[in-house]
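This report goes through side-chain contacts, burial and charge pairing in one protein chain. The sequence and structure come first.

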Amino acid sequence: MEPVELFQQAAATVPAYGAFLAEHGVDPARVRTLEDFRRLPMTTKDGYVRRHPLPDLCRDGVIGDMIAVSSGSTGVPSFWPRSAADERAVAARFEEVFRDSFAAGERRTLAVVCFALGTWVGGLFTVNCCRHLAERGYPITVVAPGTDRREIARVLPELAPHFDQVVLLGYPPFLKNVIDAEDLPWHEWDLKLVTAGEVFSEEWRSLVCERAGIADPLRGIASLYGTADAGVLANETPLSVELRRFLAARPAAARELFGASRLPSLLQYDPQARFFEEDAGTLLFSGDNGIPLVRYHIADEGGVLPYDRLLGFARDHGFAVPGRSRCSPGRRSRRSRRR
C-alpha cells in the first residue's frame, strides 16, 4: 500500500490516529503527495501507542484475532493485535528467504522454530508464517520445540533424516549454543539458519557455518529484521550477505558508507509493504498492521540506502556485481543496534 493511501485509511478508520492528527492540527484532506506525507508528525510508542486504549489503535476500533506481547527495551509489556491477513503479508519475507536462499520450493524442508513460544511475539508468529508457506505449496513441515534445548535434541534425530534440509529459526546466540553444545550430526542434515533479534558479525557467520557444516554462507544463514510492532520488516538476501561480507573485509569503505566503525545489518525490504524513512540516524516506518502505524519512530539506529547507490559504491571499491538472476532491484535498510 502506498504511504499516502495508508495515511488516508488510517486517518479515516483508526480512532486514535484521527485524534492524534487533530491534536497536531493536521487536516487529512490536505495530505495528497509524498512530500505532504513526509511532513506529518511522527508517532511513537510513548506519544501515541500508550496514550490510547487498545481498541482505538485498531482499524474501526476492533481488536484483531490474536494478540502478541513484547516487553520492549523498558521491560513494560506492550500488546500488539494481529490478524491472519497481517501474517500472510509478512510471510512474503519468509518466502523470500526460503525460496531464494534455501531453494525450499524444490526441497523437503523441516522448519524447527526455536524462538520462545507463548504470548511473546517471536515463536507463534514464526510458526504461522512458515505454515502459510506450506499453504502456498512449499514442501515445508513445521515443528516448534521453542527454547527447550532438550526437546530440540529429542525431535531433530527423529525427524531430520526424513527431509532434504533442516532450517533452525531462532535468536542467534541461542542457535549457536545449541549447535555447539548438542552432540548431533549437524553436517548430515544440510542445516540452514534463520535468525532475528541481534546483529552479528561476519566472523560469527563464518564460524557457525563451519561448525554446522553450512557450505555456502550466502545462502545458509539469513537474518530477519523484525519487531513486535509490525512483524518482519526486512530480510537478508544472498546479495545483501555478499555485500556485507565484502564490506566486512574493508572496514575503511564500510565506515565511509555507514558513518560508523561497527558493521550494521544489511537487509532488503519491500517499499510497497513497509515504507522506511531515516530521521537523524534513526528509522521510521509505515505499514498496515493490526495496529496501523504511520511514520512510526521505532528508535532503532539505521538508515536507508537506495539500491543503485549501494551497488555503485561497492562497485567503485572493487565489488563484482553478480548477474541479474542474483541481483534483484529494491532498496536496502540498515541498522546497527536498538536504542
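Which residue lies over the face of Phe125, and at what distance from the ring centre? Arg82 does, at 5.0 Å from the centre of the Phe125 ring. The model is a predicted one, and the values below are computed from its atoms.

**Aromatic pairs**

Across the whole structure, a search finds 13 aromatic pairs. One of them is formed by Phe98 and Phe102, whose ring centres are 5.6 Å apart; the planes meet at 75°, so this pair counts as edge-to-face. Phe98 and Phe102 are both buried.

Phe246 and Phe319 form another edge-to-face pair, with 5.2 Å from centre to centre and 70° between the planes. This pair links distant parts of the chain, as 73 residues separate its two members. Phe246 belongs to helix α10 (residues 238-248), while Phe319 sits in the loop between α12 (307-316) and β13 (331-338). Phe246 has a relative accessibility of 9% and is therefore buried, given that the limit for this class is under 20%. Phe319, at 7%, also counts as buried.

The helix that carries Phe246 is mostly covered: in α10, nine of the eleven residues are buried. Among them are Pro238, Leu239, Val241, Leu243 and Leu247, but also Glu242 and Arg244, which carry the names of charged residue types in the list of buried positions.

Aromatic residues also gather in a cluster made up of Tyr225, Tyr269, Phe276, Phe285 and Tyr296.

**Buried polar side chains**

Tyr225 of that cluster has a polar partner as well: a polar contact of 2.6 Å joins its side chain to that of Asp300. Asp300 lies in strand β12 (residues 293-306) and is buried, at 0% relative accessibility.

Asn235 is likewise a buried polar residue, with a relative accessible area of 0%. Its place is in strand β8 (residues 231-235). What does the side chain of Asn235 make a polar contact with? The partner is the side chain of Glu96, at 3.4 Å. Apart from neighbours within four places in sequence, Asn235 is in contact with Arg93, Glu96, Val97, Ser223, Leu224, Leu267 and Gln268. Ile140 is 95 residues from Asn235 along the chain, and the C-alpha atoms of these two are separated by 19 Å.

**Salt bridges**

The structure holds 20 salt bridges. Three of them are set out here.

| Salt bridge | N to O distance |
|---|---|
| Glu151 and Arg154 | 2.7 Å |
| Arg205 and Glu202 | 2.8 Å |
| Arg219 and Asp216 | 3.7 Å |

Glu151 and Arg154 are both in helix α6 (residues 149-159), three residues apart, which is about one turn of the helix. An α-helix has 3.6 residues a turn, so residues three or four places apart point the same way. Arg154 is exposed, with a relative accessible area of 52%, and Glu151 is partly exposed at 25%.

Arg205 and Glu202 show that spacing too: both lie in helix α8 (residues 202-212), three residues apart. Are these two buried or exposed? Arg205 is buried, with a relative accessible area of 0%, and Glu202 is buried at 5%. The two also take part in a network of salt bridges that links Glu202, Arg205, Glu236, Arg244 and Arg245. Arg244 of this network is one of the buried residues of α10.

In the Arg219 and Asp216 bridge, Arg219 is partly exposed at 24% relative accessibility. Asp216 is partly exposed as well, with a relative accessible area of 30%.

**Cysteines**

How many disulfides does the structure hold? There are zero. A disulfide is a covalent bond between the sulfur atoms of two cysteines. For Cys130, the closest cysteine sulfur is that of Cys129, 7.1 Å away; the limit for a disulfide is 2.5 Å, so the gap is too far for a bond. For Cys209, the closest cysteine sulfur is in Cys114, at 17 Å, which is again too far for a bond. Cys130 is buried, with a relative accessible area of 0%, and Cys209 is buried at 5%.

Key:
Residues numbered from 1 in each chain as written. Predicted model: local features only at pLDDT ≥ 70, side-chain atom pairs only at ≥ 80, totals over all residues. Heavy atoms only, no water. Phe/Tyr/Trp six-rings, centres within 6.5 Å; stacked < 30°, edge-to-face > 60°. Buried < 20%, exposed > 50% of the residue type's maximum accessible area, 1.4 Å probe, protein only. Helix = DSSP H or I, 4+ residues; strand = E, 2+ residues; numbered from the N terminus. Lys NZ or Arg CZ within 6 Å of the ring centre and 35° of its normal. Contact = heavy atoms within 4.5 Å. Polar contact = N/O pair within 3.5 Å; in protein donor to acceptor, adjacent residues only side chain to side chain. Salt bridge = Lys/Arg side-chain N within 4 Å of Asp/Glu carboxyl O.
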